[in-house]
Amino acid sequence: MKNLKLKAARAGMDMSQDDLAKAVGVSRQTISAVEKGDYNPTINLCVSICKVLNKTLDELFWVEE
Amino acid sequence: MSYQAIGIIVGLILGGLITALILKMANTNNMVKTEYDERQQLIRGKAYKIAFWTLSGGLICVSIADMAFPNMHITNYIVLTALFFVALSVMCLYCIINGCYWGLNNNKKTYMIIFWIAGLLNLFNSVMAIIGGYMVVNGELQFPFIGLMCTLFIAIVAGTALICDGRDKNDSDESED
């Protein structure tokens, strides 16, 4: 399932995938895979992304039924 | 121990040292070890597994062929090295196709230069061996054939990396969805 919340939050901060990747210390392909729903990140990476984007885990990663 | 064996051992040790030095220069943080993120480590783990089974399967096939055709001397170092290159290619291609070809601290341009130099050096050695007539002696492939396999391996890896690099550029922010 695509993570559109993450993509929207990143775009809201005017960051590219590459910018976010560098800020959290992963490759751009990993951010792309998370946004596309091809890869489930670990809790550590989720927390790092949330901190950079000033969001909570719920706001970015909670899947609503 | 023969002079050829001593030469190979010394060459391997020197090669290892030179490789470590080049890797240190090619990585942005001057470390020999390439750093990977969590997704890349996962992919590399799967790639190692696939390469392991490829190599195991290949060795079993070669062993059976050696038993079935004892006069053909199938189990020689050329065949075993070829199997190693096949397994290595499988591992590298799996990593490349899954977007795990550059580590976090790799300088892409330096690595591409290293690929080109290594490929051309191996190609030069292979061409010289073919011209000199010592690639095949008495119908059997000789040691320089390993250089040709190395050239082929580098060409396959570099070619696939270039194709996947182009694919990933289309997958950037602007062209998504």
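The following conversation concerns a predicted model, with its chain contact and a pair of helices as topics.

Biologist: How many residues does each chain bring to the contact?

Modeller: Chain A supplies 12 residues and chain B supplies 9 residues. On the side of chain A that touches chain B, helix H3 (residues 28–36) gives the most, with 4 residues.

Biologist: And by class, what is on that side of chain A?

Modeller: The side of chain A that touches chain B has 8 polar and 4 nonpolar residues, and no charged residues.

Biologist: Why is H3(A) largely enclosed by the rest of the structure?

Modeller: It is largely enclosed because 8 of its 9 residues are buried. Among them are A:Ile31, A:Ala33 and A:Val34, together with A:Arg28 and A:Glu35.

Biologist: What covers the buried residues of H3(A)?

Modeller: The cover includes helices from both chains: H1 (4–12) and H2 (17–24) of chain A, and H2 (38–68) and H5 (145–170) of chain B.

Biologist: Which residue follows H3(A)?

Modeller: A:Gly37 follows H3(A), and the phi of A:Gly37 is positive, near 85°.

Biologist: Turning to chain B, at what angle do H4(B) and H5(B) pack?

Modeller: Helix H4 (residues 108–132) of chain B packs against H5(B) at about 150°, and their axes are 8 Å apart. The two helices are therefore roughly antiparallel.

Biologist: Is their crossing left-handed or right-handed?

Modeller: The crossing of H4(B) and H5(B) is left-handed.

Biologist: Which residues meet there?

Modeller: From H4(B) they include B:Phe115, B:Ala118 and B:Leu123, and from H5(B) they include B:Gly147, B:Ile154 and B:Ala158. By class, the residues of this contact are 8 nonpolar and 6 polar, with no charged ones.

Technical notes: Residues are numbered from 1 along each chain as its sequence is written. Chains are lettered from A and ligands numbered from 1 in the order in which they are written. This is a predicted model: local features need pLDDT of at least 70, side-chain atom pairs count only at pLDDT 80 or more; totals for chains, interfaces and linings use all residues. Two residues are in contact if their C-beta atoms, placed from the backbone, lie within 7 Å. Ala, Val, Leu, Ile, Met, Phe, Trp, Tyr, Cys and Pro count as nonpolar, Asp, Glu, Lys and Arg as charged, and the others, Gly among them, as polar. A residue is buried if 20 or more other C-beta atoms lie within 10 Å of its own, exposed if 12 or fewer, and partly exposed in between; C-beta atoms are placed from the backbone. Axes are lines fitted to C-alpha atoms, for helices over the stretch in contact, and angles run from 0 to 180 degrees between N-to-C directions. Angles under 35 degrees count as roughly parallel, over 145 as roughly antiparallel, 65 to 115 as roughly perpendicular and the rest as oblique. A crossing is left-handed if the near helix is turned anticlockwise from the far one by less than a right angle, and right-handed if clockwise.
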